[in-house]
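Colleague: I'm new to this one, so please go slowly. Give me a close look at where empty space is left, and at what sits around it.

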Amino acid sequence: MHNNRTTITQFIIEEQRHIEGATGDFTSLLNDVVTACKVISNLVNHGALIGVLGAAGTENVQGEDQKKMDVISNDVFLKTNEWSGHLAAMASEEMDEIYHIPSQYPRGKYLLTFDPLDGSSNIDVNVSVGTIFSILRCKGDCKHPTAQDFLQAGTEQVCAGYALYGPSTMMVLTTGKGVNGFTLDQNIGEFILTHPNMSIPEETSEFAINASNSRHWEAPVKRYVDECLAGKEGARGRDFNMRWVASMVAEVHRILTRGGVFMYPVDEKMKAKGGEGKLRLMYEANPMSFIVEQAGGASTTGRERIMELQPKELHQRVPVVLGSKKEVELITSYHND
Ligand code: P6P
């Protein structure tokens with residue numbers, strides 16, 4: 001306790017005491033993830049002053065142009081977590097293959113997946129970006145893990161969290177017993193518990209979707225958005241507000257704080273190319289779904305619960321509809337009509 005404020009380190013250790021048979025490995029791993037996010041926060045906050053903005057001149061496995069900070073953040077996560085002896089392997093949006101722990105370090109019993117800098121298209125225009133991570137148990141041969149060991153349903157997650165590099169830097173975590181938010185006190189370099197037991201209002205009048213794709217939407221999405229746009233005079237009988245930050249971490253944090261629904265649905269254009277969605281299951285949709293469900297919200301593909309999906313491949317994409325429970329249920333009902 002620092003000045004009567006709970007640090008994230010203390011919070012994690014106190015949580016560990018409730019975990020049957022906890023050895024401290026998980027606590028130590030989570031503290032290393034927190035350290036990686038502090039380092040990324042510092043780099044993001046310095047931005048142009050230290051030459052980390054702009055394109056890296058390379059592409060990632062998704063075929064997306066990488067920003068310098070995508071590559072730097074990924075490297076920070078690897079270097080901060082590879083040595084601890086708690087991980088069997090890591091997987092990242094920025095790497096085609098899984099990352100094997102270098103032979104000079106011991107292997108552990110956990111798997112870490114992450115999107116090191118989500119929303120990085122915003123970094124050059126100084127709009128909030130974030131880091132998303134998920135921790136699974138290694139159930140296979142932890143000495144020689146493969147991509148297959150990562151392909152576990154979202155319900156198997158031990159922990160999920162994100163860091164939001166916004167006006168303040170925050171971390172939001174769940175280990176399956178609710179959701180707690182921490183704000184980085186730059187003066188002491190510690191995350192302080194500021195948002196205990198975060199909970200998403202079941203009702204909302206705010207939706208988030210990239211409306212430039214509207215001509216490609218499936219009928220249920222078009223129906224839902226049209227009803228929101230019709231407002232008081234329409235079927236919903238009330239006016240709605242719209243947001244789109246193009247940074248999933250910022251959208252999810254807003255929803256955790258004041259409610260709302262976020263949609264990145266599959267659309268006809270994606271389906272024509274054999275696509276199933278834009279967002280990635282293992283290190284975007286699953287961790288965010290765990291957090292949203294633990295805060296009393298819901299998260300589906302529009303048709304089924306995301307956390308029950310059996311992953312088929314490491315960089316699999318899925319449609320995402322998440323947020324205030326009643327709104328997600330309504331949208332899902334339109335898909336299943
Ligand atoms: P669009 C960022 O690249 C991201 O993965 C999510 O953070 C964000 O919600 C979405 O893609 C933005 O997509 O098509 O609006 O640029």
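Modeller: Helices and strands here are DSSP runs, numbered from the N terminus: H or I over at least four residues makes a helix, and E over at least two makes a strand. With that in hand, A246 can be placed in the loop between β12 (241–243) and α6. The model is a predicted one, with local features needing pLDDT of at least 70 and side-chain atom pairs counting only at pLDDT 80 or more, while totals for chains, interfaces and linings use all residues. Residues are numbered from 1 along each chain as its sequence is written, and side-chain values use heavy atoms, leaving out hydrogens and water.

Let's start with the pocket. On a 1 Å grid over the protein atoms alone, a pocket is an open set of points with protein on both sides within 12 Å along at least five of seven lines, a cavity is a set where a 1.4 Å probe fits but cannot get out, and lining residues have an atom within 4 Å of a point. Points are joined across faces, edges and corners, and volume is the space filled by probe spheres set on them. By that count the largest pocket holds about 400 Å³. It has 24 lining residues, and those closest to its centre are G119, S121, A246, K278 and R280.

What is that lining made of? Seven of its residues are nonpolar, six are polar and eleven are charged (Ala, Val, Leu, Ile, Met, Phe, Trp, Tyr, Cys and Pro are nonpolar; Asp, Glu, Lys and Arg are charged; the others, Gly among them, are polar). At least two lining residues come from each of β2 (65–67), β5 (110–118), β13 (261–264) and β14 (279–280). The largest share, three residues, belongs to β5. Both domain 1 (2–195) and domain 2 (206–336) give at least three residues to the lining, with the domain bounds taken from an automatic or database assignment.

A246 deserves a second look, being one of the residues closest to the pocket's centre. It has a positive phi of about 65° although it isn't a glycine. Most residues other than glycine have a negative phi. A246 is partly exposed, at 36% relative accessible area (buried is under 20%, exposed is over 50% and partly exposed is in between, with a 1.4 Å probe and protein chains only). You'll find another positive phi at N126, about 60°, and that residue isn't a glycine either. N126 sits in the loop between β5 and β6 (129–137) and, at 73% relative accessibility, is exposed.

Now step along to α6 (residues 248–258), the helix that follows A246's loop. It is mostly covered, with nine of its eleven residues buried, including M248, H253, I255 and L256. After the helix comes G259, with a positive phi near 85°.

G259 also shows up in the surroundings of I200, which touches I255, L256, G259, V292, A295, G297, G323 and S324, not counting residues up to four places away in sequence (contact means heavy atoms within 4.5 Å). I200 lies in the loop between β10 (190–195) and β11 (206–208), yet at 3% relative accessible area it is buried. Its C-alpha is 9.3 Å from that of Q294, 94 residues away along the chain.

Finally, the enclosed spaces. There are two cavities of 30 Å³ or more. The largest has about 70 Å³ of space and is lined by F11, I12, E15, L30, L173, T174, T175, K177, G178 and N180. Both α1 (8–16) and β8 (169–174) supply at least two of those residues, and α1 gives the largest share, three. Sorted by type, this lining is four nonpolar, four polar and two charged.

The second largest cavity has about 40 Å³, and its lining is I209, N210, N213, W217, M263, Y264, P265 and D267. Here the split is five nonpolar, two polar and one charged.

One more buried spot to find on your screen is V34, in helix α2 (residues 25–46). Its relative accessible area is 2%. Leaving aside neighbours within four places in sequence, V34 is in contact with I8, M171 and F191. V34 and M171 are 137 residues apart in sequence, but 8.1 Å apart from C-alpha to C-alpha.
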